[in-house]
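Biologist: Could you take a close look at one part of this model for me, strand by strand, and then carry on into its surroundings? I work with coordinates every day, so please be generous with residue names and angles.

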Amino acid sequence: MTVIGVLGGAGTVGRVAVDRLAGYGLGELRIGGRDMDRVTAVCRATPGVAVPVRVDLHDPRRLRDFCAGCQVVVNCAGPSYQVLDTVARVAVASGADYVDAAGDLAAIDALESAAPPELGERAAVFSAGLMPGLSGLLPRVLATRPLARLDGYVGGAAHISELSAVDALLTRGPRFGTALAAWQNGRIALGALAPLHDVTLPGFRGRVHAWPFLSAEFARLATELNVGEARNYTVYVTDAIPRALATAWADDGPIEHHVPAVVAAAEADIAATGPYYTLLFQAVPALGESTAPRRLLLRTPDSYALSGVVAAIATSEVLGGRVKPGARSAAECLDAAGVFARLSGDPLVTHAEIR
Ligand SMILES: NC(=O)c1ccc[n+]([C@@H]2O[C@H](COP(=O)([O-])OP(=O)(O)OC[C@H]3O[C@@H](n4cnc5c(N)ncnc54)[C@H](OP(=O)(O)O)[C@@H]3O)[C@@H](O)[C@H]2O)c1
């Protein structure tokens, strides 16, 4: 019997990952977290498929016990920029494949820096969420021809959990990306772009603010696709979140003090437009006229829940043997067109268009 461990399976992302994994019928689910009442409640919602397990990922023995016997461990616990490769390392060493709804280049580097020997035979997929995740994967659907230019706009209004707010506050510095930069002719062009205030964009509600942020994920994508120019924007429906982040980053104190302000800023955004999230990618082919698609648009009412769907899809790909061994981001090892097709049929996707 295939056993899939879902750590953090009672969280915002994890609950949806559990629901989809149960729906795909991939095997028995082992749901882990510190609060047994919460994990038990999730197991009751998926009767006959899931068993609850108390585990704190910072307790090495409990974590080893949780991973033992799993074919794949799906991590939806965080904050991912603090957890890094803690769960991946134990999962892989116990003989399991690994999928992380978050975890970025820093986590991949950490795992590879002293890789467990089992990584030669096991797949470890990081950034299997929306951003990072779909933000680096879906643009590849447009790259069936060489591209002169690729633009990405990802954002909207979403509740932010306290744990995710810590991650948002930690994503600062060149390891994660460069504000106001573009990718031009094979290098980062600092200060090339300015924020777009009060603009309308396809798929976004009303007027929005688009902040240029060349994420490490988008820069890697541009390098791999050999795109002449790449512009990546994070889109906010008000300036509440950029202001909360700027205030936190100007303060030398512990970032945890700023978590309530980030959570409140996200609620202010939802009050302005209602919850929604959009991924919009636009491409210009290198060779002038082409019948290749130029625009991909995907919308969801809940970006966190959709991250859970992506983690579940990544898990089914790993279990299906379609992901090679080694540590990689989901954007680099999943089939973009295949994931887009699966998402298009998911109830959490309200609009999916390629043209
Ligand atoms: N890639 C993306 O687009 C994307 C999108 C959204 C979120 N994320 C990331 O996904 C992660 C989860 O976010 P979320 O909003 O779902 O958080 P959440 O709602 O707070 O859920 C976190 C879950 O992890 C469990 N957990 C926390 N600390 C734990 C520990 N030490 N040991 C075991 N379990 C623990 C929690 O249960 P207990 O408290 O009971 O232990 C809870 O079930 C975060 O790292 C976030 O940044 C990524």
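Modeller: Happy to! The sheet to look at is an open one of seven strands, in the order β3-β2-β1-β4-β5-β6-β16, and its pairing is parallel. Its edges are β3, residues 50–54, and β16, residues 326–329, each of which pairs on one side only. If you compare neighbouring strands of this sheet, they are turned against each other by 15° on average, with direction ignored. Please keep in mind that this is a predicted model.

Let us stay at the β16 edge for a moment. Its partner there is β6, residues 123–126, and the two strands pair in the parallel sense over four bridges. If you want a place to start in your viewer, pick Ala123, whose bridge partner in β16 is Gly326. Both strands have a helix lying across them: α6, residues 105–113, covers β6 and β16. The direction of α6 is at about 170° to that of β16. Since angles over 145 degrees count as roughly antiparallel, you can picture α6 running back against the edge strand.

Now for the surroundings, beginning with a pair of helices. Two packed helices are described by the angle between their axes and the distance between the axes. For α3, residues 60–67, and α5, residues 86–93, the axes come within 9 Å and cross at roughly 50°. The two helices are therefore oblique to each other, and the crossing is right-handed. On the α3 side the contact is made by Leu63, Arg64 and Cys67, and on the α5 side by Thr86, Val87, Val90 and Ala91. By class, these residues divide into five nonpolar, one polar and one charged. Pro60 belongs to α3 as well. At 52% relative accessibility it counts as exposed, because the cut-off for that class is over 50%. From the C-alpha atom of Pro60 to that of Gly206, 146 residues apart along the chain, the separation is 48 Å.

A second helix pair gives another geometry. The axes of α8, residues 162–170, and α11, residues 259–273, come within 9 Å and cross at roughly 105°. That makes α8 roughly perpendicular to α11. Here Glu162, Ala165, Val166 and Leu169 of α8 meet Val259, Val262 and Val263 of α11. The contact has six nonpolar residues, no polar ones and one charged.

Glu162 deserves a closer look. This residue of α8 is exposed, with a relative accessible area of 59%. Leaving aside neighbours within four places in sequence, Glu162 is in contact with Val259 and Val263. Between its C-alpha atom and that of Ile354, 192 residues further apart in sequence terms, there are 34 Å. Elsewhere in α8, Ser164, Ala165, Val166, Asp167 and Leu169 are buried. The cover over the buried residues of α8 includes α4 (80–83), α10 (240–249), α11 and α12.

That brings us to α12, residues 303–319, where you will find Ser316. With a relative accessibility of 7%, Ser316 counts as buried. Beyond neighbours within four places in sequence, Ser316 is in contact with Tyr24, Leu26, Arg322 and Arg342.

Finally, back to strands, with β7 at residues 147–157. Nine of its eleven residues are buried, so β7 is largely enclosed by the rest of the structure. Strand β7 is joined to β14, residues 276–285, by ten bridges, and these two run antiparallel. In that pairing Leu147 stands opposite Pro285. Strand β7 is also joined to β13, residues 229–236, by eight bridges, and here the strands run parallel. For a residue to click on in this pairing, take Gly155, which stands opposite Val235 in β13. When you inspect any of these strands, one general point helps: in a regular strand the side chains alternate between the two faces of the sheet.

Definitions and conventions:
Residues numbered from 1 in each chain as written. Predicted model: local features only at pLDDT ≥ 70, side-chain atom pairs only at ≥ 80, totals over all residues. Heavy atoms only, no water. Buried < 20%, exposed > 50% of the residue type's maximum accessible area, 1.4 Å probe, protein only. Contact = heavy atoms within 4.5 Å. Axes fitted to C-alpha atoms, helices over the stretch in contact; angles between N-to-C directions. Parallel < 35°, antiparallel > 145°, perpendicular 65-115°, else oblique. Left-handed = near helix turned anticlockwise from the far one by under 90°. Nonpolar A, V, L, I, M, F, W, Y, C, P; charged D, E, K, R; others polar. Pairing = 2+ DSSP bridges.
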